[in-house]
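These notes record what I looked up in this structure, entry by entry. I began with a single glycine and worked outward from there.

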Amino acid sequence: MLASIAILTLFGILLIMLETFLPGWVAGILGAIAIFAAIWLALRSEDLAGWSDNQRMVLALGIVVFAMAVLIVWLRWFAVKFFRRALTLTTSIETPPAVGAAPGTQGVALTELRPLGRAEIDGQRYEVRCQNGLAPAGTRVEVIAAEPGNLLVRIL
């Protein structure tokens, strides 16, 4: 019976460890059920009839403490450190620098601005966003600020 209790405990711990890689809580729930089954067997098994209640309680607490200690060590030092590099994106995407005309520069909307569109400012074409909302093509606009990817303009 002690072998069955040990196998259930180890199987439960392994399933909970597996939960760190698998989504859905299925492996974690099955692991918790296996550990609870091991505790239940330690407290209720007829094969341990010669054991006192205190000895059974110590065995059940030992299962809990052992499982928690192994899982804490796993999560603290192994799962995060070794597998983090393989499972976590560590690169960063930098925001492109704001390019374009200086604030106060004027131009003409080439397309309808709804609120995004194109405008010609100082002889160059830019992607713009209209602060006022909608503007028809041919409207005079003024640059207010540069944003990543486009210029913020207002209608004159």
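**Entry 1: G12.** I first checked how much of G12 is accessible, bearing in mind that the model is predicted. G12 has a relative accessible area of 0% and is therefore buried, the cut-off being under 20%. I located G12 in helix 1. I then listed its contacts, leaving out residues up to four places away in sequence: G12 touches G31, A34 and I35. I also took one backbone distance, and found the C-alpha atoms of G12 and A38 separated by 8.9 Å, with the two positions 26 residues apart along the chain.

**Entry 2: helix 1.** I asked which residues of helix 1 are buried besides G12. I found I5, T9, I13, L15 and M17 in that group along with G12. I noted for the spacing of such positions that an α-helix has 3.6 residues a turn, so residues three or four places apart point the same way. I next checked the length of the helix. Helix 1 covers residues 2-18, and its 17 residues should span 24 Å at 1.5 Å a residue; the end C-alpha atoms are 24 Å apart, so the expected span and the model agree.

**Entry 3: nonpolar cores.** I looked up the largest nonpolar core and counted 14 residues in it. The members that touch the most other members are I5, I13, M17, I35, I39 and I63. Helix 1, helix 2 (26-44) and helix 3 are the elements that give two or more residues to this core. A second core lies apart from it; this one has 13 residues, among them A109, Y126, C130 and A135. I set beside this the general remark that nonpolar side chains tend to be buried together in soluble globular proteins. For M17, I listed the contacts beyond four places in sequence and found V70, L71 and W74.

**Entry 4: overall layout.** I then stepped back to the whole chain. The protein has three helices and five strands, and their order along the sequence is α-α-α-β-β-β-β-β. Of its 156 residues, 29% count as buried. I computed an exposed surface of about 10,500 Å², of which carbon and sulfur atoms supply 65%. Among contacts with a separation of 6 or more, 44% come from residues 24 or more positions apart.

**Entry 5: strand pairing.** I asked in which sense strand 2 and strand 3 pair, parallel or antiparallel. Strand 2 (residues 116-121) and strand 3 (residues 124-130) are antiparallel, with six bridges. Within this pair, G117 stands opposite V128 of strand 3. Strand 3 also pairs with strand 5 (residues 150-155), here in parallel and over three bridges. On that side V128 stands opposite L151 of strand 5. V128 thus has a partner recorded in strand 2, namely G117, and another in strand 5, namely L151.

**Entry 6: the hairpin turn.** Strand 2 and strand 3 form a hairpin with two residues between them. I examined D122, which is located in the loop between these two strands. D122 has a positive phi of about 55° although it is not a glycine. I also noted that D122 is exposed, at 61% relative accessibility.

**Entry 7: other backbone geometry.** I looked for further residues with a positive phi and recorded W25. Its phi is about 70°, and W25 is not a glycine. W25 sits in the loop between helix 1 and helix 2. With a relative accessible area of 64%, W25 is exposed, since the cut-off is over 50%. I then checked the peptide bonds and noted that the one from R114 to P115 is cis, with omega near -20°. P115 belongs to the loop between strand 1 and strand 2.

**Entry 8: T105.** My last entry concerns a loop residue. I placed T105 in the loop between helix 3 (53-87) and strand 1 (106-109). Is T105 buried or exposed? T105 is buried, because its relative accessible area of 15% is under 20%. The side chain of T105 reaches the backbone oxygen of A102 at 2.6 Å. Leaving out residues up to four places away in sequence, I found that T105 touches I121, D122, V141, E142 and V143. D122, the turn residue of Entry 6, is thus one of the contacts of T105.

Terms used
Residues numbered from 1 in each chain as written. Predicted model: local features only at pLDDT ≥ 70, side-chain atom pairs only at ≥ 80, totals over all residues. Heavy atoms only, no water. Helix = DSSP H or I, 4+ residues; strand = E, 2+ residues; numbered from the N terminus. Buried < 20%, exposed > 50% of the residue type's maximum accessible area, 1.4 Å probe, protein only. Contact = heavy atoms within 4.5 Å. Areas by Shrake-Rupley, 256 points an atom, 1.4 Å probe, with all protein chains shown as cover. Expected span 1.5 Å × (residues − 1). Polar contact = N/O pair within 3.5 Å; in protein donor to acceptor, adjacent residues only side chain to side chain. Core = buried A, V, L, I, M, F, W, Y, C linked by side-chain atoms within 4.5 Å. Pairing = 2+ DSSP bridges.
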